[in-house]
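Q: Please take a close look at a single part of this structure. I would like the aromatic packing and any enclosed space beside it, worked through residue by residue.

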Amino acid sequence: MLFSALDSALQAHLIRTSRERTFADGQIIQQRGDPADGFWLIEEGAVRVGQFLPDGEFRAVALLGAGDSYGELAVFSGKPRIVDAISRGESQVRLIAARPFLDALANYPASTRELLGALSEQLQDTLSILAGLRHGTNPARLAGLLATMAGDDEGAASVTITQQELADLLGVTRATANAALKDLQRRGLIERGYGRIRIPDSERLARFALD
């Protein structure tokens, strides 16, 4: 949530000077190779971020929700985007234009420091996920993924995601993801609902992922 790291006055300015767009389910929001003309702030709904494979299949690497932002790194690097993003259900997103953002950020040095800290934390989380997805049993890998998606919530948490999306993020079949979910449920680490997974104890789930 890099946008939330910014000063509230800067957030208000960027929202006031940006434009909001509505996307339908499955509609492409951005494509790999597009110029980094800004970053996106999700106001309502959810966005799947990943890449389209040569056969046209979309492989998700992250599922973002309201309050999340993405595309900042491309703005800072000035290089074309390296991921595709599609709307999951109807979503409302706001494009924060690159030049006004960078110009305004220069007037908020404290926000620059906070943003660097948030970027570092995001990178550490990403590396942790990648390391976890490459090692361990499928239930442990899934536990690590869900614990990360739960964020900093202490105690109980809830993650809105489907079995197919979990399978995509883990790089396994839907049947394999379902088996891992059943294992976590049997251990009392999660409770399954339609398109949603409840986590009774986030810390316990995270510990299981590291065992």
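The answer below starts with one helix, then moves to its ring contacts and to the cavity.

A: The model is predicted. Start with helix α3, which spans residues 98–105. Four of its residues, Ala 98, Phe 101, Ala 104 and Leu 105, are buried. They sit on the same side of α3, because they cover an arc of only 140° around the axis.

Now take Phe 101 by itself. Its relative accessibility is 1%. The cut-off for buried is under 20%, so Phe 101 counts as buried.

Next come the rings. The structure holds 5 aromatic pairs. One of them joins Phe 39 and Phe 101, with ring centres 5.0 Å apart. The planes of Phe 39 and Phe 101 meet at 75°. Edge-to-face requires over 60 degrees, so this pair is edge-to-face. The contact links distant parts of the chain. Phe 39 belongs to strand β3, residues 38–52, while Phe 101 is in helix α3. The two are 62 residues apart. Phe 39 is buried, and Phe 101 is too.

Phe 101 also pairs with Phe 76. Here the ring centres are 5.9 Å apart and the planes are at 55°. That angle is neither under 30 nor over 60, so the Phe 76 and Phe 101 pair is tilted. This pair also links distant parts of the chain. Phe 76 lies in helix α2, residues 72–77, and Phe 101 in helix α3. They are 25 residues apart.

What is the exposure of Phe 76? Its relative accessible area is 37%. Partly exposed is the class between 20% and 50%, so Phe 76 is partly exposed. Phe 101, at 1%, is buried.

Step back to the group. Ring pairs link Phe 3, Phe 39, Phe 76 and Phe 101 into a cluster. Within that cluster, Phe 101 pairs with Phe 39 and with Phe 76.

Then look at the enclosed space. A search of the whole structure finds 1 cavity of 30 Å³ or more. The volume of the largest cavity is about 40 Å³. Phe 101 reappears in its lining, together with Leu 14, Thr 17, Ser 18, Leu 95, Ile 96, Ala 97 and Pro 100. Strand β6, residues 84–97, and helix α3 are the elements that give two or more residues to this lining. β6 provides the largest share, 3 residues.

What is the chemical make-up of the lining of the largest cavity, by class? It has 6 nonpolar and 2 polar residues. No charged residues take part. Thr 17 and Ser 18 are among the lining residues, and both fall in the polar class.

Put the pieces together around Phe 101. It is one of the buried residues of α3. It is a member of the four-ring cluster with Phe 3, Phe 39 and Phe 76. It also helps line the largest cavity. To retrace this in the viewer, begin at α3 and find Phe 101. Go on to Phe 39 in β3, then to Phe 76 in α2. Finish at the cavity, where Leu 95, Ile 96 and Ala 97 are among the lining residues.

Methods: Residues are numbered from 1 along each chain as its sequence is written. This is a predicted model: local features need pLDDT of at least 70, side-chain atom pairs count only at pLDDT 80 or more; totals for chains, interfaces and linings use all residues. Side-chain values use heavy atoms; hydrogens and water are left out. On a 1 Å grid over the protein atoms alone, a cavity is a set of points where a 1.4 Å probe fits but cannot get out, and a pocket is an open set with protein on both sides within 12 Å along at least five of seven lines; lining residues have an atom within 4 Å of a point. Grid points are joined across faces, edges and corners, and a volume is the space filled by probe spheres set on the points. Rings of Phe, Tyr and Trp (its six-membered ring) pair if their centres lie within 6.5 Å; planes under 30 degrees apart count as stacked, over 60 as edge-to-face and the rest as tilted. Buried means under 20% relative accessible area, exposed over 50%, partly exposed in between (1.4 Å probe, protein chains only). The arc is that of the directions from the helix axis to the C-beta atoms.
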